[in-house]
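Biologist: Can you pull up the model? I'd like to go through a few spots in it.

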Amino acid sequence: MSGQGLKVGIVGGSIAGCTVAIELLRAGCEVTLFERTGDELKDRGAGIGIPAAILETLIQRDLVDADTAYFAGRGFTRLWRTPREHRYGYLAWDQPADLALLNWGGLYRNLRKRVPDSVYSAQHRVVNLRTEAESQVRVELADGSIRTFDLVVCADGYTSIGRRKLFPETSVEYAGYVLWRGLLNEKDMAESEPLQSGVHSPGYPGGHGIFYFVPGADGSVAAGTRVVNWGMYVGVTESSLGKFFTDKDGVLHEGSLAPGAMPQATEEELKRKAKERLPDYYEEIVERSKNTFAYAIYDCHVPAYRRGRICLAGDAGAFARPHTAAGALKSINDAIALGESIKAEDSLEEALRQWDASRTETNNKLVTYGNQLGRALVKEIPDWSTMDAKSMQSWFASIVEIPAPMQVKERAHG
């Protein structure tokens, strides 16, 4: 086991960083994690969906608790507003599915509590990385302190300092649209029955929406206590991004607006577009939502996942558009694969070489898949009201080459 006593520094303390810390601690490494923020990560409320079988595997690996709250989604319903079907939309395709729909914060808290506080260093911002020798990496912090490690894993998101350091020529590409998101408590809905089946996706010219239940703030999935997580893909030209991401106080943000930051005029214009495009049922959910938020959609291929003793994980490496519904799962898989490779090999160099080759190929394919989905579901979306389930399946198969499923390796911890 090449990890025994290995000193590892991790940059970033979100889902990817926490999972890397857990897996490498279990591989015998001495781990220090640097997170630039304080405790605000745990308060994100957006939802995520993963296959129910994957959640069971995460439980077996003791990455999440057995009683982790989720809403069971049994289908993925694609709809289109028509003059005749203006309230709920024309049903174009009702795909069977077995999904676990979770609150992002719930998943994060499960992972965070498995990282000892002695390992997790909050409010420590990494400003530079330097390779000291062939087997040493120096981590420079904003407070002027310096730490040296045998291995550094950058799990610091799509603006990663690690990716910029290793591959300065690698560009982050804007997709031409943003994801506008919101949350609404179930008790504030006019009716909740239509969303009982799972994920609903009403399409419209230039994009589609996504609506589904996630557990409420207290983890409850009982009727009346849940939260609707929703999003709409909306075209915004690259030249208009600066204006779009300027908050209500006039401050420009890079690629996102947090809940409560969006100017009223921007939100009102987005809600006007929703009224034109969505079936009435879904538009009412959007209209009743407050403090909506948004982020630009980017993607990025990477030439590799490591160089020397610096590695990338999660969106610090290749990152795909959210149509793939694989962001959190990709981060977890990167971490698990790294831990398993280090445990399996006597040579750290060989462990990193094998891990790098596997993650680079798998995750770059996922980026390509996301691009295909973006073209099919946003840029070139057809009128679904002219299609039935059979023609929808044929259309989808003709333009999307689906990569091999991303599977989390099973292993139980006693």
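Biologist: What covers the buried residues of H3?
Modeller: This is a predicted model. In it, the cover over the buried residues of H3 includes two helices, H1 (15-26) and H8 (327-344), along with strands S3 (47-51), S5 (90-103) and S6 (120-122).

Biologist: And which residues of H3 are buried?
Modeller: Trp 104, Gly 105, Leu 107, Tyr 108, Asn 110, Leu 111 and Arg 112. That is seven of the nine residues in H3 (residues 104-112), so the helix is largely enclosed by the rest of the structure.

Biologist: Same thing for H7: which residues are buried there?
Modeller: In H7 (residues 280-288), the buried ones are Tyr 281, Tyr 282, Glu 283, Ile 285 and Val 286.

Biologist: What do they pack against?
Modeller: Helix H6 (264-277) and a set of strands: S4 (71-80), S11 (173-185), S12 (198-204), S13 (207-214) and S14 (227-235).

Biologist: Switching to H9 and H10. At what angle do the axes cross?
Modeller: Roughly 140°, with the axes of H9 (residues 348-379) and H10 (residues 389-399) coming within 10 Å. Angles over 145 would count as roughly antiparallel; H9 and H10 are therefore oblique to each other.

Biologist: Is the crossing left-handed or right-handed?
Modeller: H9 passes H10 in a right-handed crossing.

Biologist: Which residues meet there?
Modeller: From H9, Gln 372, Leu 373, Arg 375, Ala 376 and Leu 377; from H10, Trp 395, Phe 396 and Ile 399. By class, that contact has six nonpolar residues, one polar and one charged.

Biologist: While we're on H9, what does Thr 360 touch?
Modeller: Thr 360 is in H9. Leaving out residues up to four places away in sequence, Thr 360 touches Val 302, Pro 303, Ala 304 and Tyr 305.

Biologist: How far apart are Thr 360 and Ala 304?
Modeller: They are 56 residues apart in sequence, and 5.5 Å apart in space from C-alpha to C-alpha.

Biologist: Is Thr 360 buried or exposed?
Modeller: Buried, because its relative accessible area is 12% and the cut-off for buried is under 20%.

Biologist: Backbone next. Which residue in the loop between S6 and S7 should I look at?
Modeller: Gln 123 sits in that loop, S7 being residues 126-133. Phi of Gln 123 is near 55°, a positive value in a residue other than glycine. Most residues other than glycine have a negative phi.

Biologist: Is Gln 123 buried or exposed?
Modeller: Gln 123 counts as exposed, at 64% relative accessibility.

Biologist: What about phi of Ala 325?
Modeller: Phi of Ala 325 is near 50°, again positive and again not a glycine. Ala 325 lies in the loop between S18 (310-312) and H8. At 49% relative accessibility, Ala 325 counts as partly exposed, because exposed needs over 50%.

Biologist: Last topic, the whole chain. How many helices and strands?
Modeller: The protein chain has 10 helices and 18 strands. The radius of gyration is 22 Å and the globule rule gives 22 Å for 414 residues, so the chain is as compact as a globular protein of that length.

Biologist: What box do the C-alpha atoms fill?
Modeller: Roughly 70 × 45 × 40 Å, taken along the principal axes.

Biologist: And how much of the chain is buried?
Modeller: Buried residues make up 55% of the 414. On contacts, counting those between residues at least 6 apart in sequence, 73% join residues at least 24 apart.

How values were computed. Residues are numbered from 1 along each chain as its sequence is written. This is a predicted model: local features need pLDDT of at least 70, side-chain atom pairs count only at pLDDT 80 or more; totals for chains, interfaces and linings use all residues. Side-chain values use heavy atoms; hydrogens and water are left out. Axes are lines fitted to C-alpha atoms, for helices over the stretch in contact, and angles run from 0 to 180 degrees between N-to-C directions. Helices (H or I, at least four residues) and strands (E, at least two) are DSSP runs, numbered from the N terminus. Angles under 35 degrees count as roughly parallel, over 145 as roughly antiparallel, 65 to 115 as roughly perpendicular and the rest as oblique. A crossing is left-handed if the near helix is turned anticlockwise from the far one by less than a right angle, and right-handed if clockwise. Contact means heavy atoms within 4.5 Å. Ala, Val, Leu, Ile, Met, Phe, Trp, Tyr, Cys and Pro count as nonpolar, Asp, Glu, Lys and Arg as charged, and the others, Gly among them, as polar. The radius of gyration is taken over C-alpha atoms; the globule rule is 2.2 Å times the number of residues to the power 0.38. Buried means under 20% relative accessible area, exposed over 50%, partly exposed in between (1.4 Å probe, protein chains only).
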